[in-house]
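The following report describes selected features of a structural model for a reader at the bench. Please consult the sequence and the structure alongside the text.

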Amino acid sequence: MKKLIFVATLLLCVGIQAKELDLGSVLPLQDVKMMDITGKKVSLGDAKGENGLLVIFSCNTCPWVIKWEDRYVELAKKYQSKGVGMIAVNSNETNFGSVDSMDEMKAHAKENGYNFYYAMDYGAKLAREFGATKTPHVYLFDAEDQLVYRGAIDDNAKNKKKVKKPYVADAIDAMLAGSTIKYASTKALGCGIKFKD
Amino acid sequence: MAEFPFVHSLSKKYNQDLKVIFVSADWLEDEKKVKDFLSSMDVIGQSYIKDQPEEEFINGFHREWTGSLPFTIVYSKLSGSIVDYWENTKHEKRFIEAIEKAINS
């Protein structure tokens with residue numbers, strides 16, 4: 001069933017819980033092992049390539065993930081061969097017993113042709129450390145493990161044919177070319193990560 | 001969406017002191033589904049749906065909003081200034097405390 005999502009504005013009539021990782025930060029929690037859909041444990045350190053690492057906080061059911069995940073596959077196909085590792089991380093800890101269980105993750109990855117790691121973030125440790133708030137939420141690290149881009153996949157989740165700014169692809173291209181990333185921090189809507197309090 | 005009935009119930013609970021406005025972040029093509037949902041929840045009066053690029057929509061509400069849904073802003077009854085805001089689902093206590101503060105500020 002299609003999900004409907006609302007911003008509730010109470011008019012009558014402070015604060016965002018986690019601070020996002022700053023650009024230039026070093027890739028955190030590189031050695032934390034997470035269970036991957038292959039049945040093997042993987043860490044960010046294992047996932048990174050010689051030229052960088054793309055980390056995507058994701059899940060199985062968010063409408064924005066569903067719209068965007070065809071581009072996950074394209075990004076993996078294009079850039080893993082260029083030495084940029086890629087991993088999707090599911091941090092929806094309150095849903096690990098239901099729609100975001102490992103079995104559901106495996107089925108979702110198979111159905112959508114995932115060609116990259118898809119790991120379960122027990123305790124949502126990575127999401128908390130990154131200050132990730134939603135799915136999808138993207139972080140790109142360069143060969144020196146420094147954060148060079150964070151935010152959205154591109155500027156049009158709904159229709160990839162109408163994308164004008166392919167943020168992540170442009171950021172990776174610039175990173176690999178050693179040039180400046182034009183949009184290093186972007187925003188888009190996404191489903192709140194389901195943290196346990 | 002689990003918190004929707006509770007949030008909707010607040011407008012009745014606080015009657016003249018509180019106005020609850022829902023803004024759908026869905027795509028315009030889903031407008032009918034949004035209307036059907038609101039009807040099924042007995043929401044009457046004005047509600048809104050996003051009709052602009054996402055980053056513009058997000059920053060238009062609040063610069064510190066990362067885009068995570070749901071997002072709630074509570075404004076003061078008298079001054080109209082922001083009393084509290086938060087991302088994601090919160091306990092009912094957070095709503096009540098913010099609303100009480102908004103009514104009395």
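Leaving aside residues up to four places away in sequence, Tyr118(A) touches Asp36(A), Ile37(A), Ala88(A), Asn90(A), Met105(A) and Ala109(A); two residues are in contact if their C-beta atoms, placed from the backbone, lie within 7 Å. The model is predicted: local features need pLDDT of at least 70 and side-chain atom pairs count only at pLDDT 80 or more, while totals for chains, interfaces and linings use all residues. Residues are numbered from 1 along each chain as its sequence is written, with chains lettered from A and ligands numbered from 1 in the order in which they are written.

**Nonpolar cores**

Tyr118(A) is one of the residues with the most contacts inside the largest nonpolar core, together with Leu54(A), Ile87(A), Leu140(A) and Val168(A); this core has 60 residues. A nonpolar core is a set of buried Ala, Val, Leu, Ile, Met, Phe, Trp, Tyr and Cys residues joined through C-beta atoms within 7 Å. A residue is buried if 20 or more other C-beta atoms lie within 10 Å of its own, exposed if 12 or fewer, and partly exposed in between, with C-beta atoms placed from the backbone. In soluble globular proteins, nonpolar side chains tend to be buried together. The most to the core of 60 residues is given by helix H2 (residues 63-79) of chain A, with seven residues. Another core, of eleven residues, lies apart from it and includes Val83(B), Tyr85(B), Phe95(B) and Ala98(B).

**Helix H2 of chain A**

Helices (H or I, at least four residues) and strands (E, at least two) are DSSP runs, numbered from the N terminus. The 17 residues of H2(A) should span 24 Å at 1.5 Å a residue, and the end C-alpha atoms are 25 Å apart, which agrees; the expected span is 1.5 Å times one less than the number of residues. H2(A) nevertheless bends by about 40° at Glu69(A), the bend being the angle between axes fitted to the seven residues ending there and the seven starting there. Glu69(A) is itself among the buried residues of H2(A), as are Trp64(A), Trp68(A), Tyr72(A) and Tyr79(A). The cover over the buried residues of this helix includes strands S4 (52-58), S5 (84-90), S7 and S10, and helix H5 (167-177), of chain A.

**Strand S8 of chain A and its partners**

Six of the six residues of S8(A) are buried, so this strand is largely enclosed by the rest of the structure. His137(A), Tyr139(A) and Phe141(A) point one way, and Val138(A), Leu140(A) and Asp142(A) the other. In a regular strand the side chains alternate between the two faces of the sheet. Two strands pair if DSSP finds at least two bridges between them. The antiparallel pairings in chain A discussed here are listed below.

| Strand pair | Bridges | Residues opposite each other |
|---|---|---|
| S4(A) and S8(A) | six | Ile56(A) and Val138(A) |
| S8(A) and S9(A) | four | Tyr139(A) and Arg150(A) |
| S7(A) and S10(A) | two | Thr135(A) and Cys191(A) |

S8(A) and S9(A) form a hairpin with four residues between them, and Asp145(A) in the turn has a positive phi of about 70°. Asp145(A) is not a glycine, and this residue is partly exposed, with 16 other C-beta atoms within 10 Å.

**A sheet with strands from both chains**

S7(A), S10(A) and S3(B) form an open sheet of three strands in that order, with mixed pairing. S7 of chain A and S3 of chain B are the edge strands, each pairing on one side only.

A cis peptide bond joins Thr135(A) and Pro136(A), with omega about -10°; Pro136(A) lies in the loop between S7 (134-135) and S8 (137-142) of chain A. In chain B, the peptide bond from Leu69(B) to Pro70(B) is also cis, with omega near -5°, and Pro70(B) lies in the loop between S3 (68-69) and S4 (71-75).

**Chain B as a whole**

Chain B has four helices and five strands, in the pattern α-β-α-β-α-β-β-β-α along the sequence. The radius of gyration of chain B, taken over C-alpha atoms, is 14 Å, close to the 13 Å that the globule rule gives for 105 residues, so the chain is as compact as a globular protein of that length. That rule is 2.2 Å times the number of residues to the power 0.38. Buried residues make up 29% of the 105 residues. Asn15(B), in the loop between H1 (4-14) and S1 (19-24) of chain B, has a positive phi of about 45° although it is not a glycine; with 8 C-beta neighbours inside 10 Å, Asn15(B) counts as exposed.
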